[in-house]
Every structure is written in structure tokens, then in C-alpha cells.
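Here's a quick tour of one model, written for someone who likes cut-offs spelled out. Have a look at the fold, then read on.

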Amino acid sequence: MGTMRANKGWLVLDKLGRDIAASVFQPDDRLPPEHELEQMFEVSRSVVREATKSLAAKGMVVVGPRLGARVAPLDQWSLLDRDVLEWVLAAPDADTRYHSAIDEVRHMIEPTSAMLAAERATASQLSEISAAYERMQKAAREEDTDAAVQADRDFHIAVLKATQNPILQAFDHAVGAILGVLFVTTHMEHFKTNLPRHGVVLDAILNRRPFEAGQAMTRVISFTSELMRKK
């Protein structure tokens with residue numbers, strides 16, 4: 001019973017979160033009243049309230065007495081929350097609405113992460129980065145898009161983990177979500193074209209050349225940025 005309730009609660013939360021992120025509900029709009037949401041999702045009022053409380057905790061709605069739940073402005077959303085970021089980046093116009101923000105964040109985080117990884121990565125972490133790159137190569141040869149997306153995420157997250165910096169490591173979900181939406185806006189040929197640049201990053205990290213690793217990662221990101229600008 002508890003599991004079923006949790007699943008129903010997630011369905012309500014996920015649907016409302018995605019609708020807010022996709023601008024179905026605009027800032028300051030009221031969400032439908034509780035009784036309407038109960039009927040819409042065929043759930044109890046307590047499940048609806050739990051979902052609304054979760055949205056409020058994520059900064060996406062403001063709840064007040066007699067006011068119901070109102071959509072909060074974007075600058076109040078917890079954009080580093082895994083769910084919120086995934087909802088935002090899954091919105092139909094995410095690649096255009098958030099292009100500049102995504103580009104800036106990647107340029108701030110990833111070249112520095114590559115430099116630190118070149119300095120600090122353990123032997124096992126170097127193996128993880130290498131293995132992810134090998135999976136990227138395999139996905140490119142087999143033209144397996146799903147495997148390419150996963151391997152690309154694994155590569156960038158492995159670099160983050162190798163920084164030994166717990167703050168940078170905490171960005172792994174954000175980077176994973178960003179890479180997921182970026183891959184949707186490109187295609188396999190672009191993945192193949194950018195693959196050798198990832199190889200240069202790997203080589204610089206393996207050979208403990210921080211400056212070259214940072215430069216190489218900048219070129220990886222800039223390639224994708226240019227594609228997004230041309231869309």
C-alpha cells in the first residue's frame with residue numbers, strides 16, 4: 001500500500017513539475033484546486049498535498065492559506081535539484097531557452113574539472129575515464145544512440161569524480177541532465193565528430209597535463225555550443 005501511494009505521489013509530482021517547467025502553468029498561475037487534481041489523477045487528497053509540498057520544497061510553487069498553490073518565478077526554483085533540472089531540460093524549448101545558461105555553466109565547471117582530474121585522479125579513476133571513452137568509441141562504431149548518450153555522460157561524470165573536490169562532484173546529476181538534453185539536440189554524426197576531442201582530453205588526463213586537459217575540454221564544449229547556436 002505504501003509503495004503504491006509513493007508511486008502515485010510521484011506521478012502527480014512528475015506531471016505537475018513537467019507542466020510547470022514547460023510553461024503550461026506560468027509564474028503566478030494557480031495550480032488546479034486539490035479536488036480537481038484528485039479527480040484528474042485518481043488519488044487521495046493527501047497524495048495531492050504531498051506532491052504540492054514537494055513542489056514547494058523545490059521552489060516551484062508557493063503555497064498559502066486560501067490561495068492554493070501558485071507557480072513561483074523561475075529564479076526561485078531549485079535548479080540544481082535533480083528533478084527540477086530534468087523537468088526544465090525536458091521542456092520542448094529547453095535547448096533555446098537555456099542555451100546560454102548551459103553553455104556558461106559547462107565552461108565554468110568542466111575545463112577546471114579536467115585540469116584537476118589530470119592532477120589528482122587515482123589509478124582506478126583513470127581507468128573509469130578510459131573505460132567510458134572506450135564505450136563511446138564502441139557506441140560510435142555501432143551507431144547506438146542510447147549507448148552513446150550513456151557513455152558520454154559516464155565520461156564527463158568520471159572526470160568530475162576524479163577532481164577529488166566534493167563540491168564539483170555534487171554537480172554530477174546536473175552535468176548528466178545537461179548532456180542528456182544536448183544529445184537530443186544533436187545527432188550521431190556530431191557525436192562521432194566530437195569523439196576525437198574527448199580522446200585528447202583523456203590523453204592529457206592520463207599523462208598528467210592539466211593545462212592541456214583544460215584546453216581540450218574547452219574545445220569539446222565549444223563544439224557543442226557552436227552546434228546549438230546554429231539550430
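Which helix is the place of Gln 150? Gln 150 sits in helix α8 (residues 145-161); helices here are DSSP runs of H or I with at least four residues, strands are E runs of at least two, and both are numbered from the N terminus. A caveat before going further: this is a predicted model, where local features need pLDDT of at least 70, side-chain atom pairs count only at pLDDT 80 or more, and totals for chains, interfaces and linings use all residues. Residues are numbered from 1 along each chain as its sequence is written, and side-chain values use heavy atoms, leaving out hydrogens and water.

Back to Gln 150, and to Ala 101, which is found in helix α6 (residues 99-120). Partly exposed lies between buried (under 20% relative accessible area) and exposed (over 50%), using a 1.4 Å probe and protein chains only.

| Residue | Relative accessible area | Partner | Sequence separation | C-alpha to C-alpha |
|---|---|---|---|---|
| Gln 150 | 40%, partly exposed | Leu 179 | 29 residues | 9.3 Å |
| Ala 101 | 38%, partly exposed | Arg 208 | 107 residues | 30 Å |

On to domains. The assignment, which is automatic or from a database, gives domain 1 (8-84) and domain 2 (96-229). Their C-alpha centres lie 33 Å apart, and the contact (heavy atoms within 4.5 Å) takes 5 residues from domain 1 and 5 residues from domain 2.

Now the inside. A nonpolar core is a set of buried Ala, Val, Leu, Ile, Met, Phe, Trp, Tyr and Cys residues joined through side-chain atoms within 4.5 Å. The largest one has 30 residues, and those touching the most other members include Leu 16, Ile 20, Trp 77 and Trp 87. At least two residues of this core come from each of α1 (2-21), α3, β2 (68-71), α4 (82-90) and α10 (172-185). Both domains give residues to this core, so it lies between them. Apart from it there is another core, of 29 residues, with Met 136 and Leu 202 among them.

As for Ile 20, leaving aside residues up to four places away in sequence, its contacts include Phe 25, Leu 55 and Val 71.

Finally, a helix pair. Helix α2 (residues 34-41) packs against helix α3 (residues 45-57) at about 105 degrees, with the axes 9 Å apart. Axes are lines fitted to C-alpha atoms over the stretch in contact, and angles run from 0 to 180 degrees between N-to-C directions. That makes α2 roughly perpendicular to α3, a label for 65 to 115 degrees. Glu 34, His 35, Leu 37 and Glu 38 in α2 meet Arg 45, Val 48 and Arg 49 in α3.

How values were computed
Parallel < 35°, antiparallel > 145°, perpendicular 65-115°, else oblique.
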